[in-house]
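Work through these exercises with the model open beside you. Try each task before you read its solution.

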Amino acid sequence: MTFHVLTIFPEFFRGPFEHGVIERAHRAGLIEIKIHDLRTWTADRHRTVDDRPFGGGEGMVLKPGPIFEAVESIWPDRAATERDPGKKVVLLSAQGRKFDQSVAREFAGLSELLLICGRYEGVDERVAEHLADEELSVGDFVLSGGELAAAMVIDVVARLKEGVLGNRDSAVYESFGEDGLLDCPQYTRPAEFRGWKAPEVLLGGNHEEIRQWRLKAAREKTARQRPDLLRM
Ligand code: 9D3
């Protein structure tokens, strides 16, 4: 699967995918990540990507021109032929549909995903209306731009692709909220740390007892921290 990111901060993406599971998936050729600098599709001397909002107000708005030019150059067929259902253009914005594990599973079925990162006060609305297939938010909080959101989406979607996770940590276990529960608490050595003991049951070898303890602990933790998951 290929991820495209359109951004005015291409350097932002030097770091996030160079570690762990995603880095290995990339090296194994299971995913491709292409970072595109929006300024490539500007024509003026100052490589202008933004302008002042019509009607007045604070800050700047990303102009539609370079964004349309970029998408049309990354996917030249898109405007001419009917849209390939295996490819999606997503505008990251606080006004979008809320991202979660089930949206990620939907995206994992695509062959290519193009993520447009907004900045400043926002993006000219014609991008959301006439270019993007959808707007996507990663949560009800205010980011400084779409870059961190894009990195999140790529991380979450990539680990759902066949072969990205090892068998041991397979996507079968990637069931956030699917069984209605958070993960159970985990412990490692030392068995006693600063006077706090790891649960005795986990130190013994009784796998049925351990399974029951974990289920109960997951239920208690979910009820305490995320009661909304139990109601879903
Ligand atoms: C809601 C605040 N806006 C008032 C005019 C200004 C504004 C804040 C932050 C406009 C754009 C942004 C940048 N945010 C994103 O690009 C963004 C985002 C987010 O802020 N929250 C959750 N998900 C996302 S995805 C992209």
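The exercises below use a predicted model.

**Exercise 1. Domains**

Task: Find the two assigned domains and state how far apart their C-alpha centres lie.

Solution:
- Start with the bounds. The domain assignment gives domain 1 as 2–158 and domain 2 as 175–232.
- Now take the distance. The C-alpha centres of domain 1 and domain 2 lie 37 Å apart.

**Exercise 2. Strand β6 and its partners**

Task: Decide whether strand β6 is mostly covered or mostly open, then trace its pairing with β1 and β5.

Solution:
- Locate the strand. β6 runs over residues 112–117, and six of its six residues are buried.
- Recall the pattern. In a regular strand the side chains alternate between the two faces of the sheet.
- Split β6 by face. One side carries E112, L114 and I116. The other side carries L113, L115 and C117. Each of these residues is buried, so both faces are covered.
- Go to β1, residues 2–7. Five bridges join β1 to β6, and the two strands run parallel. One pair to find is V5 with its bridge partner L115 in β6.
- Go to β5, residues 87–98. β5 pairs with β6 over six bridges, also in the parallel sense. Here L91 has I116 of β6 as its bridge partner.
- Follow the chain from β5 to β6. The path passes through helix α4, residues 101–107, and this β-α-β crossover is right-handed.

**Exercise 3. From β1 to β2**

Task: Which helix joins β1 and β2 in a β-α-β unit, and what is the handedness of that unit?

Solution:
- Check the pairing. β1 and β2 are parallel and share six bridges.
- Pick out one pair. T7 has D37 in β2 as its bridge partner.
- Add the helix. α1, residues 20–27, completes the unit with β1 and β2, and the unit is right-handed.

**Exercise 4. A three-strand sheet**

Task: Give the strand order of the open sheet of three strands, and explain what is special about its edges.

Solution:
- Read the order. The sheet runs β3-β4-β7, with mixed pairing.
- Find the edges. β3 (50–51) and β7 (122–123) each have a single partner strand, so one side of each has no neighbour in the sheet.
- Look at one pairing. β3 and β4 (residues 61–62) run antiparallel, joined by two bridges. D50 has L62 in β4 as its bridge partner.

**Exercise 5. The span of helix α6**

Task: Test whether the end-to-end distance of α6 agrees with the expected rise of 1.5 Å a residue.

Solution:
- Count the residues. Helix α6 covers residues 147–158, which is twelve residues.
- Set up the sum. The expected span is 1.5 Å times one less than the number of residues. For α6 this should be 16 Å.
- Compare. The end C-alpha atoms of α6 are 16 Å apart, which agrees.
- Note the burial too. Buried residues of α6 include E147, A151, V153 and V157.

**Exercise 6. Two residues, R78 and F99**

Task: For R78 and F99, decide whether each is buried or exposed, and list what each contacts.

Solution:
- Fix the cut-off. Buried means under 20% relative accessible area.
- Place R78. R78 lies in helix α3, residues 77–80. Its relative accessible area is 12%, so R78 is buried.
- List its contacts. Beyond neighbours within four places in sequence, R78 touches V71, R83, V89, L131 and D133. The side chains of R78 and D133 make a polar contact of 3.4 Å.
- Place F99. F99 is in the loop between β5 and α4. At 10% relative accessible area, F99 is buried.
- List its contacts. With the same kind of neighbours left aside, F99 contacts A104, F107, L136, S137, V138, V153, V156 and V157.

**Exercise 7. Backbone exceptions**

Task: Find the cis peptide bond, and examine phi at R47 and Y120.

Solution:
- Know the rule. Most residues other than glycine have a negative phi, and most peptide bonds are trans.
- Find the cis bond. It joins R189 and P190, with omega about 5°. P190 lies in the loop between α6 and β9 (192–193).
- Check R47. Its phi is near 55°, a positive value. R47 sits in the loop between β2 and β3. R47 is partly exposed, at 39% relative accessible area.
- Check Y120. Its phi is also near 55°. Y120 sits in the loop between β6 and β7. At 37% relative accessibility, Y120 is partly exposed.

How values were computed: Residues numbered from 1 in each chain as written. Predicted model: local features only at pLDDT ≥ 70, side-chain atom pairs only at ≥ 80, totals over all residues. Heavy atoms only, no water. Domains from an automatic or database assignment. Buried < 20%, exposed > 50% of the residue type's maximum accessible area, 1.4 Å probe, protein only. Helix = DSSP H or I, 4+ residues; strand = E, 2+ residues; numbered from the N terminus. Pairing = 2+ DSSP bridges. Right-handed = clockwise from strand over helix to strand, strands pointing away. Polar contact = N/O pair within 3.5 Å; in protein donor to acceptor, adjacent residues only side chain to side chain. Contact = heavy atoms within 4.5 Å.
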